[in-house]
Amino acid sequence: MAPPTRRLQPFQPYNKAGNSGKAQFIDTWLDIDEFKLWLEKKMVPSYRGFKAYCVVCDEVISNHKSTIQNHMKSTKHRGKLPQYDDIITARQALLSYIGPAKKEDISNYEMVVCSLIAERSLPISLVDNLIPTMRRLHPKDEILKQVKLGRTKATSIIKDGFGNGLKKMLVEKLRTTFFSIVIDETTDVTIESQLAVMVHYWDSAEFKLIVDVLDFVVCKEATADGLSVSVLGLLENLKIPFERLIGFSADTCNVMFGVNHSVSTILKEKIPSIVLVKCSCHSCHLVANYASKALPDQLETILRMIFAHFSRSSSRK
């Protein structure tokens, strides 16, 4: 009986990118001076691996050093780079807080904790007790041992990092998108008038209507002229074209919607095509207020007495 023959495998050329044939991300690229302020290593599920990512252009790049260099020299990247100076400065300051080992993992750890606090509206002082507690629960976590996050650093990351970055992204969208504004004046604890400016716009990328906060403006005068100057000055300082503003809404007070001289009349003179809409919530409140006057006074008195009877005794509840 003849010995079994050995089946030969077909010849496969050596591939530096590994068995998958895909170019791999080189971690040392993150330490190159011209790359480290805007380049990140990002997981791409469709690629089933990590790829280069530009935080300035919000774009995934092929894992080739020459491609990354060409992207850095592109007109798109160089045009957006000045708009993200604050983000890059905050990113550089954050990297300076971290030791030489595992900078990316440590910064991601801190970013996740700060984003959780900001998203859930938790007190920033919580990090002073949260990080030590997590270290006691996970004493062998090498990354957690190097995390240095207190309330001061967390405030800087949320305010100067997340805040400026999200605002710049919003302003960039408003420069090319039609939007409406909703304003409301309030007085804070320092007895200083502030104007909250909200924007409504249609996001074609997410395919839905977005409502977002543009800014809080300190008003010197809570008058029609003062509020109008604050709104128009904000758009001018952010370099948002007035032609993109197509709608205005506010409460129904005379300062906002007076017939002769108000914020709405001033905006109408500046932007003739703008649509003026009174706040529906304030309008419904006024309707309900006037409608309640048609009801007998005894009805309101009875309701108040019933509430007082049950609310002032624990046994009656």
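Begin by selecting helix α7 together with strands β4 (179–187), β5 and β6: α7 lies across these three strands and runs at about 115 degrees to β6. The coordinates on screen are those of a predicted model. Next, add helix α8, residues 224–237, to the selection. Helix α8 packs on the sheet and touches β4, β5, β6 and β7, its direction making about 115 degrees with that of β6.

**The five-stranded sheet**

With the two helices hidden, display the sheet itself. It is an open sheet of 5 strands in the order β6-β5-β4-β7-β8, with mixed pairing. Colour β6 and β8 (275–278) separately, as these are the edge strands, each pairing on one side only. A view along the sheet shows the twist, which averages 25 degrees from one strand to the next.

Now proceed through the strand pairs. Select β4 and β5, which run antiparallel and are joined by 9 bridges. Within this pair, centre on Phe179, whose bridge partner in β5 is Tyr201.

Then move to β5 and β6, where 10 bridges join strands that again run antiparallel. Here Asp203 has Lys208 of β6 as its bridge partner. Which residue in the hairpin of β5 and β6 takes a positive phi? Selecting the 4 residues between the strands leads to Phe207, with a positive phi near 55 degrees.

Continue to β7 and β8. Strand β7, residues 245–250, runs parallel to β8, and 4 bridges join the two. Ala250 may be labelled here, since it stands opposite Lys278 in β8.

**The second largest pocket**

Return to α7 and show the second largest pocket, which holds about 510 Å³ of space. Its lining comprises 18 residues; select Phe162, Gly163, Leu166, Lys167 and Asp212 to find those nearest its centre. The elements that give two or more residues to this lining are α7, β5 (193–203) and β6 (208–218). Which element gives the most to the lining? Helix α7 does, with 10 residues. Colouring the lining by residue class shows 9 nonpolar, 2 polar and 7 charged residues.

**Where α4 meets α7**

Keep α7, residues 151–174, on display and add helix α4, residues 103–119. The axes of α4 and α7 come within 10 Å and cross at roughly 80 degrees. Because of this crossing angle, α4 is roughly perpendicular to α7.

To display the contact, select Glu110, Met111, Cys114, Ser115, Ile117 and Ala118 on the α4 side, and Lys153, Ala154, Ile157, Ile158 and Phe162 on the α7 side. By class, this contact has 8 nonpolar, 1 polar and 2 charged residues. Phe162 deserves a label of its own: it takes part in the contact with α4, and it is also among the residues nearest the centre of the second largest pocket.

**The three-stranded sheet**

Finally, select strands β1, β2 and β3. These 3 strands form an open sheet in the order β1-β2-β3, and the pairing is antiparallel. The edge strands are β1 (39–44) and β3 (59–61), each of which pairs on one side only. In this sheet the twist averages 50 degrees from one strand to the next.

Restrict the selection to β1 and β2. Strand β2, residues 49–54, pairs with β1 in the antiparallel sense over 6 bridges. One position to label is Lys42, whose bridge partner in β2 is Lys51.

As the last step, add helix α1, residues 65–72. Helix α1 lies across β1, β2 and β3 and runs at about 145 degrees to β3.

Notes: Residues numbered from 1 in each chain as written. Predicted model: local features only at pLDDT ≥ 70, side-chain atom pairs only at ≥ 80, totals over all residues. Heavy atoms only, no water. Axes fitted to C-alpha atoms, helices over the stretch in contact; angles between N-to-C directions. Parallel < 35°, antiparallel > 145°, perpendicular 65-115°, else oblique. Contact = heavy atoms within 4.5 Å. Nonpolar A, V, L, I, M, F, W, Y, C, P; charged D, E, K, R; others polar. 1 Å grid on protein atoms, 1.4 Å probe; cavity = no way out; pocket = protein on both sides within 12 Å on 5 of 7 lines; lining within 4 Å. Points joined across faces, edges and corners; volume = space filled by probe spheres on them. Pairing = 2+ DSSP bridges.
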